Amino acid sequence: MKKRTAAITAVGAYVPEFVLTNKILETMVDTNDEWITSRTGIKERRILKDPDKGTSFLAIKAAEDLIEKANIDPTEIDLVIMATATPDLPVAATGVYVATQIGAVNAFAYDLQAACSSFLYGMSTAAAYIESGRYKKVLVIGADKMSSIIDYTDRTTCIIFGDGAGAALFEPNEEGLGLQDEILKSDGQGREFLKISAGGSILPATAQTVADKQHFVHQDGKTVFKFAVSNMADVSAKIMERNNLTNEDVDWLVPHQANRRIIDATSNRMGLEESKVLMNIQRYGNTTSATLPLLLSDFEKQLKKGDNLIFASFGGGFTWGSVYLKWAYNS
């Protein structure tokens, strides 16, 4: 009997219409296009301006894009994993609402939160469900409305983040394609360096926490950058070594889009040419849980059946990891 693996069989994406450029940010905070571009690689990001719409809106749009493109019956989806750091509500799971809205009425659903590594962890989770033989169609959606937790007077964070969503369908494969290996890591000592301090059980929301802007993302940029550069590069190199992959064997690096310099450090460590590195950070900024599936959607037409993809991510917590996946179809 052939080994069952979990392969990506379809992708979809959505980004809001409003484009927040570096030039616009120059009118909001003390910064400029040259400074932002040289340090992050970001030129613009998308923002969901409608105050009545949350992360679920983005997720639904991305899922509908996948369903339409792949001509899938949503009632056949067994499970929806919603990777997000910005759920619609604190308690009612966003993924449950999304599953219902897209017509996945036979699926069970839940949210998965590991900051910027959420989608990467979701890939691992989807693969485990499929390899077990219990489920055949698992939809993983990465979506975040980062603009809802960003202080647009804080130039250290507002230049980085944007809103967006991407989705990937995982199905069983017996051709040796799909997810091959993973290295997932976490370190709780990192939670002081990238966090929202209020709104949880330690410090519930009060008028004072709102006044003190404690419901916005705060990060110690230098510390996060240092950890991200070393750890993302380490796991990416290690997964190549563990699977006897040379830089010639790797067709594409699919890296989390947090900072151009972090991406360059990772690809350099892997010995990859720039032409093998998928990148759209200049257009979307850091969309947190959405970066990896947005890359897959943007570059889907360049991916060929059998291509070796290395995914890498790093997020608050700290969370990080790398996944080795063989692409399963020609677009």
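Helices and strands here are DSSP runs, numbered from the N terminus. With that in place, F318 falls in the loop between strand 12 and strand 13 (319-326). This is a predicted model, and the notes below walk through helix 9, a loop residue that packs against it, some backbone oddities and a surface patch.

**Helix 9**
- Helix 9 spans residues 260-270, and its buried residues are I262, I263, T266, S267 and M270.
- Those residues take up an arc of only 130° around the axis, so they sit on the same side of helix 9.
- That fits the usual helix geometry: an α-helix has 3.6 residues a turn, so residues three or four places apart point the same way.
- As for what lies over this buried side, the cover includes helix 8 (221-242), strand 11 (252-255) and strand 12 (308-315).
- At the start of the helix, N259 brings a side-chain oxygen to within 2.7 Å of the backbone nitrogen of R261.
- Right after helix 9 comes G271, with a positive phi near 75°.

**V277, in the loop after helix 9**
- V277 belongs to the loop between helix 9 and helix 10 (281-284).
- Buried or exposed? V277 has 9% relative accessibility, and since the cut-off for buried is under 20%, V277 counts as buried.
- Leaving out residues up to four places away in sequence, V277 touches L253, P255, I263 and S267.
- Two of those partners, I263 and S267, are also on the list of buried residues of helix 9.
- V277 and W252 are 25 residues apart in sequence, yet their C-alpha atoms are 5.8 Å apart in space.

**Backbone oddities**
- Back to F318: the peptide bond leading into it from G317 is cis, with omega near -5°.
- N244 isn't a glycine, but its phi is positive, at about 55°.
- You'll find N244 in the loop between helix 8 and strand 11, where it is exposed, with a relative accessible area of 66%.
- T288 is another non-glycine with a positive phi of about 55°.
- T288 sits in the loop between helix 10 and helix 11 (291-298).
- Unlike the exposed N244, T288 counts as buried, at 3% relative accessibility.

**A nonpolar surface patch**
- Which residues form the nonpolar patch on the surface? They are F18, I24 and M28, and together they have about 220 Å² of accessible area.
- F18 lies in strand 2 (residues 18-21).
- F18 is partly exposed, with a relative accessible area of 32%.

Methods: Residues numbered from 1 in each chain as written. Predicted model: local features only at pLDDT ≥ 70, side-chain atom pairs only at ≥ 80, totals over all residues. Heavy atoms only, no water. Buried < 20%, exposed > 50% of the residue type's maximum accessible area, 1.4 Å probe, protein only. Helix = DSSP H or I, 4+ residues; strand = E, 2+ residues; numbered from the N terminus. Arc of directions from axis to C-beta. Contact = heavy atoms within 4.5 Å. Polar contact = N/O pair within 3.5 Å; in protein donor to acceptor, adjacent residues only side chain to side chain. Patch = residues over 30% accessible without salt bridge, like charges linked within 9 Å, V, L, I, M, F, W, Y side chains within 5 Å. Areas by Shrake-Rupley, 256 points an atom, 1.4 Å probe, with all protein chains shown as cover. Salt bridge = Lys/Arg side-chain N within 4 Å of Asp/Glu carboxyl O.
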